[in-house]
Amino acid sequence: MKKLLLLLFPLFFSHQATGCSCFGTAIIKKEIKKSKIVITGKVASIERVYIKFEDLDEFEKIDSTFSGIFLNKVTFQVNSIYKGKRKMKTITIYTGIGGGDCGINFKKDIDYIIYGSREIPDYSKEFNTKNLKNSFWTDICTRSQELNKNEIQKIEKFKKIKR
């Protein structure tokens, strides 16, 4: 009986962990279509920002432990534009900080291909996003990645380069 209880114990007291999950790599044609911008650029700066909840109840106002979310605000020096405004010289992208929130671990002075969206990710919809509504977002569920020739060739099959 003790062995049976030990085996069943985790079932009664376990909780489901939430985190980032993506189902494979997005097909490039669909990723380009759903993205508001597709660019290449070099990371100029990375800033950790804290975004608060929009509507806090009284308890949350007292205990601010879970009153917001940290995001990385990444500024890129734009090199090439495959989709988006032609005159962009720099662009700011928001992403999670990693550790289960789907954020991309960008590194300063590295070139990337960015697929950016205006759609605020699910994990941040409850946050004070009034100032972020016109921002661009990306995460590991997109095809955003370090610059590589194979990905550029795939992009160029579907979009003419805009310089």
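**Entry 1. Ile113 and its strand**

I began with Ile113 in this predicted model and found its relative accessibility to be 0%, so I record Ile113 as buried, the cut-off being under 20%. Ile113 belongs to strand S4, which covers residues 111-116. I then checked the strand as a whole: 5 of the 6 residues of S4 are buried, and I note S4 as mostly covered.

I next asked which residues Ile113 touches, leaving aside those up to four places away in sequence. The list comprises Ile39, Thr40, Ser144, Gln145, Glu146, Leu147, Asn148, Glu151, Ile152 and Ile155. For Thr40 I also looked up the backbone distance: its C-alpha atom is 4.4 Å from that of Ile113, although 73 residues separate the two along the chain.

**Entry 2. Partners of S4**

I looked for the strands that pair with S4. Strand S1, residues 37-52, runs antiparallel to S4 and is joined to it by 6 bridges. Within this pairing I located Ile37, whose bridge partner in S4 is Gly116. S6 also pairs with S4 in the antiparallel sense, over 2 bridges. There, Tyr112 has Glu146 of S6 as its bridge partner. I note that Glu146 is also among the residues that Ile113 touches.

**Entry 3. The sheet as a whole**

I traced the full sheet and recorded the order S5-S3-S2-S1-S4-S6, an open arrangement of 6 strands with mixed pairing. Why is one side of S5 and of S6 left without a neighbour in the sheet? Strand S5 (136-137) and strand S6 (145-146) stand at the edges and each has a single partner strand, so one side of each has no neighbour in the sheet.

At the S5 end I examined the contact with S3. Strand S3, residues 90-95, runs parallel to S5, and 2 bridges join them. Ile93 stands opposite Phe136 of S5. As a reminder for reading these pairings, strands of a sheet pair through backbone hydrogen bonds, either parallel or antiparallel.

**Entry 4. Overall composition**

I counted the secondary structure of the protein as 4 helices and 6 strands. Along the sequence these follow the pattern α-α-β-α-β-β-β-β-β-α. The protein has 163 residues, of which 36% count as buried. I also looked at contacts with a separation of 6 or more: residues 24 or more positions apart account for 72% of them. The exposed area of the protein is about 11,300 Å², with carbon and sulfur atoms supplying 54%.

**Entry 5. Salt bridges**

I searched for salt bridges and found 3 in the structure.

- Glu151 and Arg143 meet through their side chains at 2.7 Å, N to O. Both residues are buried. Glu151 is also one of the residues touched by Ile113.
- Glu31 and Lys34 form a second pair, with 4.0 Å between the closest N and O atoms. Both lie in helix H2 (residues 28-34), 3 residues apart, about one turn of the helix. Glu31 is buried at a relative accessible area of 1%, whereas Lys34 is exposed at 55%.
- Lys108 and Asp109 form another, with the closest N and O atoms 3.9 Å apart. Lys108 is partly exposed, with a relative accessible area of 49%, and Asp109 is partly exposed at 48% relative accessibility.

**Entry 6. A nonpolar surface patch**

I asked which residues form a nonpolar patch on the surface. They are Tyr50, Phe70 and Ile97, and together they have about 260 Å² of accessible area. I followed up Phe70, which lies in strand S2 (residues 68-83). Its relative accessible area is 43%, and I therefore record Phe70 as partly exposed, since exposed requires over 50%.

**Entry 7. Confidence**

I closed by checking the confidence of the prediction. The mean pLDDT of the protein is 77, and 67% of the residues score at least 70. Over residues 1-17 the pLDDT is below 50, and this stretch has 0 contacts in the model beyond near neighbours in sequence. Where pLDDT is low, the predicted coordinates should not be read in detail. I have therefore not interpreted the coordinates of that stretch in these entries.

Note on methods:
Residues are numbered from 1 along each chain as its sequence is written. This is a predicted model: local features need pLDDT of at least 70, side-chain atom pairs count only at pLDDT 80 or more; totals for chains, interfaces and linings use all residues. Side-chain values use heavy atoms; hydrogens and water are left out. Buried means under 20% relative accessible area, exposed over 50%, partly exposed in between (1.4 Å probe, protein chains only). Contact means heavy atoms within 4.5 Å. Patches are made of residues with over 30% relative accessible area and no salt bridge: like charges are joined within 9 Å, nonpolar side chains (Val, Leu, Ile, Met, Phe, Trp, Tyr) within 5 Å. Accessible areas come from the Shrake-Rupley method with a 1.4 Å probe; for residues, only the protein chains shown count as cover. pLDDT is the predictor's confidence in each residue, from 0 to 100. Two strands pair if DSSP finds at least two bridges between them.
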